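Biologist: I'm new to this one, so could you take me through a single part of it? I'd like to start at the ligand and follow the story outward from there.

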Amino acid sequence: MSKPNGCFITFEGGEGSGKTTQARRLADRLELMGKEVVLTREPGGSPGAEAMRHLLLCGVIKPLGPEAEAIVFAAARDDHVSTLIRPALARGAWVICDRFIDSTRVYQGALGNVDHRLIRGLERLVVGDTMPDLTIILDVSPEIGLARAERRGSADRFEAEDMEYHRLLRAAYREIAEREPGRCVLMDASAGADALAVRIWMTVSERLLRQRQPLAAPRAAG
Ligand code: T5A
């Protein structure tokens with residue numbers, strides 16, 4: 001079993017939706033409660049996967065086509081899951097990951113038109129039952145998201161795509177949230193970072209923390 005007591009939360013959404021900011025805030029809050037938290041990201045998160053991150057984001061893999069791109073993302077994920085995520089969950093840590101399988105489903109699947117059987121096959125092989133307990137999908141218009149990402153620095157291979165691409169990307173994330181309400185929660189991310197952090201905390205508390213509170217011992221009769 002990969003997560004006897006651990007808990008796996010992923011953040012997803014378009015560029016500049018605030019995933020990194022909110023993942024950090026949630027990690028800080030859980031640490032304040034005394035939890036062991038492993039904050040990580042994709043592509044990357046382990047030495048082997050970080051080595052592949054640069055290749056994926058600088059655009060040298062792009063000419064090989066979206067199938068090749070999906071396979072390299074999966075190879076990076078394989079290293080990340082087996083060397084960092086599974087061991088952390090097995091020892092009971094909370095793992096918070098900035099992007100995970102839904103990014104592949106959306107960017108390579110929905111937008112790159114990679115056959116969903118290849119995407120799901122890679123997912124089964126690499127992730128297996130190490131699925132997130134909760135996925136928070138931050139939903140914001142591409143206009144707002146890209147303006148935030150631009151303020152932060154230069155565009156990578158995906159941020160450089162046109163506005164229509166980012167609209168389709170948003171729609172694909174919304175579809176996942178609709179299809180998998182047990183795992184995914186869609187949140188309006190146009191609000192300020194503080195307000196959003198409060199809503200995320202409420203969701204984590206309701207969906208995950210409350211369930212994990214040990215039950216109070218029954219009172220002795222009389
Ligand atoms: N990818 C990834 C695939 O194609 N397939 C895959 O399988 C995987 C795993 C990763 C790229 O790789 C692709 C998708 C991506 O294009 P990345 O460098 O990790 O690239 O970039 P992103 O994940 O897109 O991260 P960004 O940094 O662009 O966006 P975030 O993390 O959503 O946003 P964040 O928190 O860094 O914030 C951006 C700026 O906005 C401000 C922040 O201070 C920061 O300056 N901000 C806010 N401002 C106002 N209100 C708020 N609520 C704000 N929240 C943050």
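Modeller: Sure, let's begin with Arg 99: an N or O atom in its side chain sits 2.7 Å from an oxygen atom of the ligand. Keep in mind as we go that this is a predicted model. Another polar neighbour is Thr 21, with a polar side-chain atom 2.5 Å from an oxygen atom of the ligand. Ala 191 joins in through its backbone, where a polar atom is 2.9 Å from a nitrogen atom of the ligand. Taken on its own, the ligand has 1,000 Å² of accessible area, and the protein covers 83% of that.

So who does the surrounding? Helices α1 (19-32), α2, α3, α4 and α6 (142-152) are the elements that each give two or more residues to the shell. There are 27 residues around the ligand, and the ones that come nearest are Lys 19, Thr 20, Thr 21, Thr 104 and Arg 152. The biggest giver is α4, with 4 residues in the shell.

Let's stay with α4 for a moment. Asp 102 lies in this helix, and Arg 183 lies in the loop between α7 (163-179) and β5 (184-188). Their side chains meet in a salt bridge, 2.8 Å from N to O. Because of where the two sit, the pair ties together parts that are 81 residues apart in sequence. Both partners are buried; Arg 183 counts as buried because its relative accessibility is 7%, where the cut-off is under 20%. Arg 183 has a second salt bridge, with Glu 180, at 2.9 Å from N to O. Through shared partners, salt bridges join Asp 102, Arg 105, Glu 123, Glu 180 and Arg 183 into one network.

Another of the shell's helices, α3 (residues 66-90), is worth a look too. At Val 81 it bends by about 45°. Its buried residues include Phe 73, Arg 77, His 80 and Ile 85, and the buried residues of α3 pack against β1 (7-13), β2 (37-41), α2 (47-58), β3 (94-98), α4 (101-110) and α5 (116-126). Arg 77 also forms a salt bridge with Glu 42, where the closest N and O atoms are 2.6 Å apart. That pair links distant parts of the chain, with Glu 42 in the loop between β2 and α2 and Arg 77 in α3, 35 residues apart. Glu 42 is buried, and so is Arg 77. Just past the end of α3, Gly 92 takes a positive phi of about 95°.

Methods
Residues numbered from 1 in each chain as written. Predicted model: local features only at pLDDT ≥ 70, side-chain atom pairs only at ≥ 80, totals over all residues. Heavy atoms only, no water. Bend = angle between axes of the 7 residues up to and from the residue. Buried < 20%, exposed > 50% of the residue type's maximum accessible area, 1.4 Å probe, protein only. Contact = heavy atoms within 4.5 Å. Salt bridge = Lys/Arg side-chain N within 4 Å of Asp/Glu carboxyl O. Near = heavy atom within 4 Å. Polar contact = N/O pair within 3.5 Å; in protein donor to acceptor, adjacent residues only side chain to side chain. Areas by Shrake-Rupley, 256 points an atom, 1.4 Å probe, with all protein chains shown as cover.
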